[in-house]
Each structure stands twice: as structure tokens, then as C-alpha cells.
Amino acid sequence: WSSDVCSSDLVFAALIMLFAFFDLLGELNDLGHGNYNIAQVLLYVLLTVPTRIYELFPVGVLIGTIFALVQMAANSELTIYRSSGASLKQMIYALLKIGLPLMLLSVVCGEFIAPPSMRLAQELRLKALNSQVSFKEFRSGVWVKDERNFVNVKNVLPDTTLLNVSIYEFDESFLLLGITEAQRAIYLQEGSWQLEGVMQTNFDKLGAQVVRQAHKEWHSSITPDILRVLMVVPEQMSAWNLYLYTQHLRENKQESTRYEIEMWNKLVYPFGVMVMMLLALPFAAHQQRQGGISGKIFTGIVLGLSFYFIGRLFSHLGALNNWQPLLSASAMTVIFLLLALSMLWWTERR
């Protein structure tokens, strides 16, 4: 079974290089803009590799496992293994023992390596193209609800320093109490920001009063981790940060379906490694004359990429149609598990 791991590594490396090449082609459109030169383009693509590794992990495992099992079948190794009294359950158990460390490696990559690497890549790219991030979704900037306050941010620097901040304060009846405008906001510690260049307008029964200050401390539940989701898409965040952000959205009675789907996706996706290994096992039951190894590898590539791309489609449809998050995230994993079990049952009957 050691050949299984080696084969998976080789096929997996080829897949990563292919997708990295596509990423490189995509970045060439921005080459020469600002300070974005070829060295920074290559560094950006290199920093996105951990994310690609995580995304393609189940695909690489499926193709590698098919290759190893078909080779073992062609050399009659599996025939000897079964003739010695090994049952299908024992073969599945042997595969899953190999799959468990691969699944844990996928979790480590998806939680602790890929998100910070992608964030660093985004910051590198943004600094090279422009010194700040302008959010184009709204002409007025980014809007965030913070308890009874509404916060408008025109620009966010890569280090999450805020520029041109407007804070609209409301009472329990949602009557406007005041507007605080600041040229810059710097994060100090949890729950606290320092505003610079502050103009505060307070409203009361007597009218409006304007107060100007050089500095002012602002207490808010908004944190840099929350703001980073405006720079990195949910698919590239860790499950823990997704959980924190969904809690923030719920507390402020905002739509959180998309982020909940991605959170569950992060929790379910590593189990796809096990499912892919089960799906590969029926391929070894066919004799080599029933389709060469190249045909089986091609089938594995089609199945693996279908698992990835259709899984992403389910997530997007779930966010658009407000489906139950766990169902949207786990649909493809469950479908492929049922497919693998059906193929194993059919193979054993033959």
C-alpha cells in the first residue's frame, strides 16, 4: 500500500502545477500595473499554492489511489491479498488507515496554512497594484452593522487600517444620536480602535453640536479578523474565522447563509479524502482488458474534478436560494459516498 501514497504524491503534484499555471496566466493581465512585476506575480502564485493543495486534495487522492490499485491488480497483488482470506471490509479498513493521516493533513492545510498564505498573497498583490483596497460593491464604500451603530468605511489598507470612517449612532428606537467621522482608524486591542482626525456631530433637542478632536478611542465589536473577510473570499478562510464572522452577523441580525455554508464546507470537505479512496476501490476489481489503466485514470480525473466543481456549484446555489447550510456543504460528499458504496456492492455481487 506504500505505492498508493507515492502515486498520489506524483499525480497531486502534476495537478497543483497545472492549476498554478492557470493562476499565473490569470495574473499576467495585471502585470506592469503599479509595481506589480514578474517577480511579484510569481511570488503571488507561489503563495496561492497551499489553497490549491487544499482544494484539490480529494481529487489527487482519488487519482493516485486508482493508479495504485489498478497497478496492484495488474500485478495480481490484490488477487493474492483476497486469496489469503482478506475480506472487502479488511481492504476498506486498510485504505482508510492510509486515508486518515491524509485527511488530517488536509485539515491542517485548510485551517492553518492556506488562509494566512492566501491573505499574504492578497496583501502583496494589493500593495503592488495600489496602496489601498477600494471596495466597488457600493459607491459609498463598505457598510458594517455594529450593534445599534452603522459604520461606513471608504477604504481598507492591507494591514486593515481604516480610512475615511463614518459612524452613525442610533438609540434603541433607531433615532439618530450622532455621526462620528474620522480620517483614519487604527486597531489598538480587542474591542478598541483609535480614531484620528475626528469630527463628531451630536444631535439633541437643542440642535446639532460639532466637536473636533485629533484623537478619539472607539469601542466596537469589529475586529481586523472580521474586516479581513472583505479582502479574502469565504472559500479561502479558516473554519474558525468563518464561525466568528457568522456569529458577528447573527448578533447584528444580518444574512449569514453564505458564510455558514463555507464553514460547514470546511468541516465536511476533509472527509472527501476518505470517500475518494472508497470510490477508487471498485476500479481494481476490473481486469486490465476491460479498460486500460489510462482509461481508468481519465475516469478518475473526471470524477474528481466533478466532485470539486459541482460541490462548489452546490455551495453557490445554496447561498443564492438560502438552503440549509449543512445540506448545501455536504451534498456532494454524501452523493459520492453513496456512489462508492453502490459500486462496491455491485462489484461484490459480480
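1. A good place to begin is a helix pair: α9 (residues 293-321) packs against α10 (residues 325-349) at an angle of about 145°, and their axes lie 7 Å apart. Please keep in mind as you look around that this is a predicted model. The crossing of α9 and α10 is right-handed.

2. Which residues make that contact? From α9 come Leu303, Ser306, Phe307, Ile310, Gly311, Phe314, Ser315 and Gly318. Helix α10 answers with Ser328, Ala331, Met332, Thr333, Ile335, Phe336 and Leu339. By character, the contact of α9 with α10 has 9 nonpolar residues, 6 polar ones and no charged ones.

3. Next, have a look at the surface, where a nonpolar patch is formed by Leu18, Phe21, Phe22, Leu25, Leu28, Leu31, Ile38 and Leu42. Together these residues have about 700 Å² of accessible area. Two helices, α1 (2-27) and α2 (38-74), each supply at least two residues of the patch. The largest share, 4 residues, comes from α1, while Ile38 is found in α2.

4. Finally, the charged pairs. Counting a side-chain nitrogen of Lys or Arg within 4 Å of a carboxyl oxygen of Asp or Glu as a salt bridge, the count comes to 9. One worth finding in the view joins the side chains of Arg125 and Asp30, at 2.3 Å from N to O. Arg125 sits in helix α4 (residues 88-129) and Asp30 in the loop between α1 and α2, so this pair ties together parts that are 95 residues apart in sequence.

Conventions: Residues are numbered from 1 along each chain as its sequence is written. This is a predicted model: local features need pLDDT of at least 70, side-chain atom pairs count only at pLDDT 80 or more; totals for chains, interfaces and linings use all residues. Side-chain values use heavy atoms; hydrogens and water are left out. Axes are lines fitted to C-alpha atoms, for helices over the stretch in contact, and angles run from 0 to 180 degrees between N-to-C directions. A crossing is left-handed if the near helix is turned anticlockwise from the far one by less than a right angle, and right-handed if clockwise. Contact means heavy atoms within 4.5 Å. Ala, Val, Leu, Ile, Met, Phe, Trp, Tyr, Cys and Pro count as nonpolar, Asp, Glu, Lys and Arg as charged, and the others, Gly among them, as polar. Patches are made of residues with over 30% relative accessible area and no salt bridge: like charges are joined within 9 Å, nonpolar side chains (Val, Leu, Ile, Met, Phe, Trp, Tyr) within 5 Å. Accessible areas come from the Shrake-Rupley method with a 1.4 Å probe; for residues, only the protein chains shown count as cover.
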